[in-house]
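Colleague: I have the model open and would like to go through it with you. May I start with one of the helices?
Modeller: Certainly; please ask as we go.
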Amino acid sequence: MLGMQDRMNQRVHPQWTEQGYEWYRAVWIECGELMDHQGYKWWKKQHSDTEQVQLEVVDIWHFGMSALFAPGLSHEDIATNMLAELEASAPGETDVLLATEALAAHSLQTRSFSVSLFRDLLHASGLDFDSLYRQYVGKNVLNFFRQDHGYKDGSYIKVWDGREDNVHLVEILAELDSQANDYADLVYVSLKTRYPGATAE
């Protein structure tokens, strides 16, 4: 996932790790969006949208991983640091709103990203690291697919056969084996097979 995120960020800027982008800011803003989907307004009738909450968790992971990169650190270095942080702290028992607030507060106070607090949010939202991997790879591949098919110039078609590309992606992920070595490639090929006109390229 670190390698995939690095490649995606290079589309924004080839030397993105040296630009000082405020990834922590994107993390806490995404936390706010997540809370809207979870529902926190006691003064009106609300229903939690678990699927949207989980999508926001995956978006937070994109930005959170990006915040951990620094010039001179390899993907292996970052992964080692992540594992060390997880092993040094026990998972917290909490609900979605409290876990989201804890992660957002840490992000604002330290201008960084806590993998252990993210783990608490992940579990509170009903996900584990295997499901995070499956959804992350899917969303990352979809982002690449969009770029390859005209997202930047506005020619990309987001709705096919009456369904948004995100819905097609969910269906594709349900059909594929996330343990396959070429999982990301399989997701891309499946998107291309469904996309109008893509096979004619």
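Colleague: What covers the buried residues of H2?
Modeller: This is a predicted model. In it, the cover over the buried residues of H2 includes helix H1 (2-12), helix H3 (50-67), helix H5 (96-110) and helix H6 (115-124).

Colleague: Which residues of H2 are buried?
Modeller: They are Trp-23, Tyr-24, Ala-26, Val-27, Glu-30, Cys-31, Leu-34 and Met-35. As background, residues three or four places apart in an α-helix point the same way, because there are 3.6 residues a turn.

Colleague: And Arg-25, is that buried or exposed?
Modeller: Neither label fits. Arg-25 is found in helix H2, and it counts as partly exposed because its relative accessibility is 36%, while buried means under 20% and exposed means over 50%.

Colleague: How far is Arg-25 from Gln-54?
Modeller: Their C-alpha atoms are separated by 19 Å, and the two residues are 29 residues apart along the chain.

Colleague: How many residues does H2 have, and what span does it reach?
Modeller: Helix H2 covers residues 23-38, which is 16 residues. From its first C-alpha to its last it reaches 23 Å, close to the 22 Å expected at 1.5 Å a residue.

Colleague: What follows H2?
Modeller: Gly-39 follows H2, and its phi is positive, near 90 degrees.

Colleague: Which residues other than glycine have a positive phi?
Modeller: Two examples are Arg-111, with phi near 55 degrees, and Asp-161, with phi of about 50 degrees. Arg-111 is placed in the loop between H5 and H6, whereas Asp-161 lies in the loop between strand S1 (159-160) and strand S2 (163-164).

Colleague: Are those two buried or exposed?
Modeller: Arg-111 counts as exposed because its relative accessibility is 61%. Asp-161 also counts as exposed, at 66% relative accessibility.

Colleague: Let us turn to the interior. How many residues are in the largest nonpolar core?
Modeller: The largest nonpolar core has 42 residues. Those with the most contacts inside it are Ile-60, Trp-61, Leu-103, Phe-113, Phe-118, Leu-121 and Leu-191. In general, nonpolar side chains tend to be buried together in soluble globular proteins.

Colleague: Take Trp-61 from that list. What does it touch?
Modeller: Leaving aside residues up to four places away in sequence, Trp-61 touches Met-1, Met-82, Phe-113, Phe-118, Leu-132 and Tyr-136.

Colleague: Now the pockets. How much space lies in the largest one?
Modeller: About 460 Å³ lies in the largest pocket. It is lined by 16 residues, and the closest to its centre are Glu-51, Leu-55, Gln-135, Asn-166 and Val-170.

Colleague: Which helix gives the most to that lining?
Modeller: H8 gives the most to the lining of the largest pocket, with six residues. H3, helix H7 (129-148) and helix H8 (165-175) each supply at least two. By class, this lining divides into six nonpolar, four polar and six charged residues.

Colleague: And what about the second largest pocket? Which residues lie nearest its centre?
Modeller: Met-8, Asn-9, Val-12, Asn-143 and Gln-147 lie nearest the centre, out of 16 lining residues. About 370 Å³ of space lies in this second largest pocket.

Colleague: Which helix supplies the largest share there?
Modeller: H1 supplies the largest share of the lining of the second largest pocket, five residues. H1, H2, H3 and H7 each supply at least two. The lining of this pocket has five nonpolar, five polar and six charged residues.

Technical notes: Residues are numbered from 1 along each chain as its sequence is written. This is a predicted model: local features need pLDDT of at least 70, side-chain atom pairs count only at pLDDT 80 or more; totals for chains, interfaces and linings use all residues. Side-chain values use heavy atoms; hydrogens and water are left out. A nonpolar core is a set of buried Ala, Val, Leu, Ile, Met, Phe, Trp, Tyr and Cys residues joined through side-chain atoms within 4.5 Å. Buried means under 20% relative accessible area, exposed over 50%, partly exposed in between (1.4 Å probe, protein chains only). Contact means heavy atoms within 4.5 Å. Helices (H or I, at least four residues) and strands (E, at least two) are DSSP runs, numbered from the N terminus. The expected span of a helix is 1.5 Å times one less than its number of residues. On a 1 Å grid over the protein atoms alone, a cavity is a set of points where a 1.4 Å probe fits but cannot get out, and a pocket is an open set with protein on both sides within 12 Å along at least five of seven lines; lining residues have an atom within 4 Å of a point. Grid points are joined across faces, edges and corners, and a volume is the space filled by probe spheres set on the points. Ala, Val, Leu, Ile, Met, Phe, Trp, Tyr, Cys and Pro count as nonpolar, Asp, Glu, Lys and Arg as charged, and the others, Gly among them, as polar.
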